[in-house]
Amino acid sequence: MKITLAHGSGGKSTSDLIKNIFAKHFGNPILNMMEDSAVVASSSKIAVTTDSFVITPLFFKGGDIGRLAVCGTVNDLLMRGATPKYITSAFIIEEGADSDTLEKISASMAKTAKEAGVTIICGDTKVIDGNGNIFINTTGVGFVGESTDIVSTNLREGDAVIVSGTMGDHHAAVLSARMNIENNIKSDNAPLCRMVREMLKDGMEIHCMRDVTRGGLGTVLNELADSSGVNIEIEEQSIPVKEEVKAFAKILGLNILHMGNEGKLVAVLPEKQAQQAVEIIKKCPYGENAAVIGRVNKGKGVTLITPLSGKRQVNVLFGEGLPRIC
């Protein structure tokens, strides 16, 4: 099998690659959980995650690869209920890259790390042949409360599914920049520290959280439904989408459910707490459009209720989608 761009899309091809090669050789009880970060034992529980950022272009409306690297790393830790503390940063720089560009990216990383309350504690630099591109690899470490247990196998029948804001923003912003399409769409790349901290502090019984990145909401929900052996039913009209993003997707024939974000989360928790959780998120930065979008039922897969009360199956992303959005 030859590797294609589809293997980096976050959809089925990515899942198959992970399952058939990496999990096959690296598999262990911690890795096999396939969560956004791994919680391991030390003097106290810690969460660890690693990620690589290869976005094209390096700068886009609302962000850049530096901000994206910090947000993506921090948010992966947060999805396990961890308090992010430390990040490593390794730059792979192609020959011909501009030092001014590198400085702008570094300044953006530092600013975002300060916003997220994390410290960049070490790093590495490699320069390789190429055409002036820049790639960043990170590792993140956070601390987890001893009683915190937020995993994708925790979904229960009757749970509510909420999202912290509008879908597809980052995907649309990056694709607009790549295609030189002028609009006002900005990436949503943001650290979600405050909303997660406030939900936990207020006693929300969060069963699971995921950030909505590559593969989009449809792929994320399918992963959760499969992990817990349940059906997730969502209402199309309840999913928040900005009108400009909706129009952009329609013109290009994109499916909102398979468009990625970099500053939005999905949370699953008891239905009786759903509205309270939404109100908590709305009071936090980046959460003003939070909404309840569905519930967990018996069955399998993900079902979408259309505005005409019809039902259709939502699948994971197949094929290439949009490569290099993170």
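Across which strands does helix α2 lie? In this predicted model, helix α2 (residues 65-78) lies across β2 (46-53), β5 and β7, and runs at about 30° to β7. A further helix, α3 (residues 99-116), lies across β5, β6 and β7, with a direction at about 175° to β5.

The strands covered by these helices belong to an open sheet of five strands, ordered β1-β2-β7-β5-β6, in which the pairing is mixed. Strands β1 (38-40) and β6 (119-128) occupy the edges; each has a single partner strand, so one side of each is left without a neighbour in the sheet. On average, neighbouring strands of this sheet are turned by 15° against each other, direction ignored. Within the sheet, β5 (residues 83-94) pairs with β7 (residues 134-143) in the antiparallel sense over ten bridges. In this pairing, threonine 88 has threonine 139 of β7 as its bridge partner. Strands of a sheet pair through backbone hydrogen bonds, either parallel or antiparallel.

A second antiparallel pairing involves β13 (residues 302-305) and β14 (residues 311-314), which are joined by four bridges. Isoleucine 305 has lysine 311 of β14 as its bridge partner. The two strands form a hairpin with five residues between them. Serine 309, in the loop between β13 and β14, has a phi near 70°, a positive value in a residue other than glycine. With a relative accessible area of 60%, serine 309 is exposed.

Helix α8 (residues 271-282) has twelve residues, which at 1.5 Å a residue should span 16 Å; the end C-alpha atoms of the helix are 17 Å apart, which agrees. The buried residues of α8 are Gln273, Ala274, Ala277, Val278, Ile280 and Ile281. They cover an arc of only 160° around the axis, which puts them on the same side of α8. An α-helix has 3.6 residues a turn, so residues three or four places apart point the same way. The cover over the buried residues of α8 includes β8 (159-163), α5 (193-201), β11 (265-270) and β12 (291-297). In the loop between α8 and β12, tyrosine 286 is found; this residue has a positive phi of about 75° although it is not a glycine. Tyrosine 286 is partly exposed, at a relative accessible area of 31%.

Threonine 219 is located in helix α6 (residues 216-228) and, at 2% relative accessibility, counts as buried. Not counting residues up to four places away in sequence, threonine 219 touches Gly10, Leu257, His258, Val316 and Leu317. The C-alpha atom of threonine 219 is separated by 8.4 Å from that of valine 314, although these residues are 95 residues apart along the chain.

The count of disulfides is zero, on a cut-off of 2.5 Å between cysteine sulfur atoms. For cysteine 122, the closest cysteine sulfur is that of cysteine 193, at 19 Å, which is too far for a bond. Cysteine 122 is partly exposed, at 44% relative accessibility. For cysteine 284, the closest cysteine sulfur is again in cysteine 193, at 11 Å, also too far for a bond. Cysteine 284 is buried, with a relative accessible area of 5%.

A cis peptide bond, with omega near 0°, leads from threonine 56 to proline 57. Proline 57 is placed in the loop between β2 and β3 (59-60).

Notes
Residues are numbered from 1 along each chain as its sequence is written. This is a predicted model: local features need pLDDT of at least 70, side-chain atom pairs count only at pLDDT 80 or more; totals for chains, interfaces and linings use all residues. Side-chain values use heavy atoms; hydrogens and water are left out. Two strands pair if DSSP finds at least two bridges between them. Axes are lines fitted to C-alpha atoms, for helices over the stretch in contact, and angles run from 0 to 180 degrees between N-to-C directions. Contact means heavy atoms within 4.5 Å. The expected span of a helix is 1.5 Å times one less than its number of residues. Buried means under 20% relative accessible area, exposed over 50%, partly exposed in between (1.4 Å probe, protein chains only). The arc is that of the directions from the helix axis to the C-beta atoms.
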